Amino acid sequence: MYIHENVQQEPVHITKKLDFSVLVLNASYEAINICNLKRAITLIFKGVACAEEETEHEIRSASTVIRIPTVIRLLKFIRIPYRAVRFSRRNVLLRDGYRCQYCGEQFAPSLLTLDHVIPLSQGGKTQWDNVVTACKTCNIKKANRRPSEAGMSLLRKPKAPPIVYYLHLLKNIQGHHGSWQKYLFSND
Ligand SMILES: [Zn+2]
């Protein structure tokens, strides 16, 4: 608490930095949340978390200097109930970054469709690992075929997204994609 209060008393140009986002990992290195810098620093000073990735910038309180973390990890494993991201058109477009998964181009949502990788007519399911974002041109070209049958390939294999990635996208908060990548997409 002592550090927490100290940080709050810092001049404005320092406290502004406290707004930026820090990825929180479980002790098992699984991404479980996003918090602001102030919270991350508090957790480090309480001995609850350690910094896994840091910037070159430092933050100073009256008595301490620490590097600004972009990723922290809880020292003790906490049990998190599984929280699935709801399957919806909007969430598939978000997962794929509004990018056609065949030609790689980005489009406005109204110009995008959802494509069943394995077509429904061939037993494909409407679920995260079989549905991708496709532009209208690619969707027409692929038609009712598997990608291999149409001579097309996917940018990446679709899968259900980690919920923490959605927290980030949906809140549109400032993040550190570079240093977060390996924790969010390590299974890709
Ligand atoms: Zn396309």
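## Overall organisation

Helices, as the term is used here, are DSSP runs of H or I with at least four residues, whereas strands are runs of E with at least two, and both are numbered from the N terminus. The structure discussed is a predicted model. Its chain contains eight helices and six strands, which follow one another from the N terminus in the order α-α-β-β-α-β-β-α-β-β-α-α-α-α.

The chain has 188 residues, of which 21% are buried. Of the contacts with a sequence separation of 6 or more, 59% are made by residues 24 or more positions apart.

## The four-stranded sheet

Strands 1 to 4 form an open sheet in the order 2-1-4-3, with mixed pairing. Its edges are strand 2 and strand 3, each of which pairs on one side only. Direction ignored, neighbouring strands in the sheet are turned against each other by 35° on average.

Strand 1 and strand 2 are antiparallel and share five bridges; within this pair, Val-24 stands opposite Asn-33 of strand 2. The two strands form a hairpin with five residues between them, and Tyr-29 in the turn adopts a positive phi of about 75°. At the other edge, strand 3 is joined to strand 4 by eight bridges, again in the antiparallel sense. There Glu-58 has Arg-67 of strand 4 as its bridge partner.

## Helix 3 against the sheet

Helix 3 lies across strand 1, strand 2, strand 3 and strand 4, and runs at about 85° to strand 4. Its buried residues include Leu-37, Ala-40, Ile-41 and Leu-43. Seen down the helix axis, the buried residues of helix 3 fall within an arc of 160°, so they line one face of the helix. As a general matter, an α-helix has 3.6 residues a turn, so residues three or four places apart point the same way.

Just after helix 3, Gly-47 takes a positive phi of about 80°.

## The nonpolar cores

The largest nonpolar core comprises 17 residues, and those with the most contacts inside it are Val-22, Leu-23, Leu-25, Val-71 and Ile-72. At least two residues of this core come from each of strand 1 (21-25), strand 2 (31-36), helix 3 (37-45), strand 3 (49-60), strand 4 (65-74) and helix 8 (177-184). Another core lies apart from the largest one; it has nine residues, among them Cys-100, Tyr-102, Val-132 and Cys-135.

The surroundings of Ile-72 can be described in detail. Not counting residues up to four places away in sequence, Ile-72 touches Val-22, Val-24 and Leu-25, as well as Ala-40, Leu-43 and Ile-44. Ile-72 also touches Ala-49, Cys-50, Ala-51 and Glu-52.

## Strands 5 and 6

Strand 5 (residues 112-116) pairs with strand 6 in the antiparallel sense over five bridges. In this pair, Leu-114 is opposite Thr-133 of strand 6.

Strand 6 (residues 131-135) is mostly covered, with five of its five residues buried. Val-131, Thr-133 and Cys-135 point one way from strand 6, while Val-132 and Ala-134 point the other way; all are buried. Val-132 and Cys-135 are also among the residues of the nine-residue core.

## Helix 6 and the loops with positive phi

Pro-147 belongs to helix 6 (residues 147-150). Pro-147 is classed as partly exposed because 16 other C-beta atoms lie within 10 Å, a count below the 20 required of a buried residue and above the 12 at which a residue would be exposed. Leaving aside neighbours within four places in sequence, Pro-147 is in contact with Val-117, Lys-142, Met-152, Ser-153 and Leu-154. His-116 is 31 residues from Pro-147 in sequence, and their C-alpha atoms are 9.8 Å apart.

Two loop residues other than glycine also have positive phi values. Ala-143, in the loop between helix 5 (136-142) and helix 6, has a phi near 55°. Ala-143 counts as exposed because it has 9 C-beta neighbours inside 10 Å. Tyr-98, in the loop between helix 4 (89-95) and strand 5, has a positive phi of about 60°. Tyr-98 is partly exposed, with 15 other C-beta atoms within 10 Å.

Conventions:
Residues numbered from 1 in each chain as written. Predicted model: local features only at pLDDT ≥ 70, side-chain atom pairs only at ≥ 80, totals over all residues. Contact = placed C-beta atoms within 7 Å. Core = buried A, V, L, I, M, F, W, Y, C linked by C-beta atoms within 7 Å. Pairing = 2+ DSSP bridges. Axes fitted to C-alpha atoms, helices over the stretch in contact; angles between N-to-C directions. Arc of directions from axis to C-beta.
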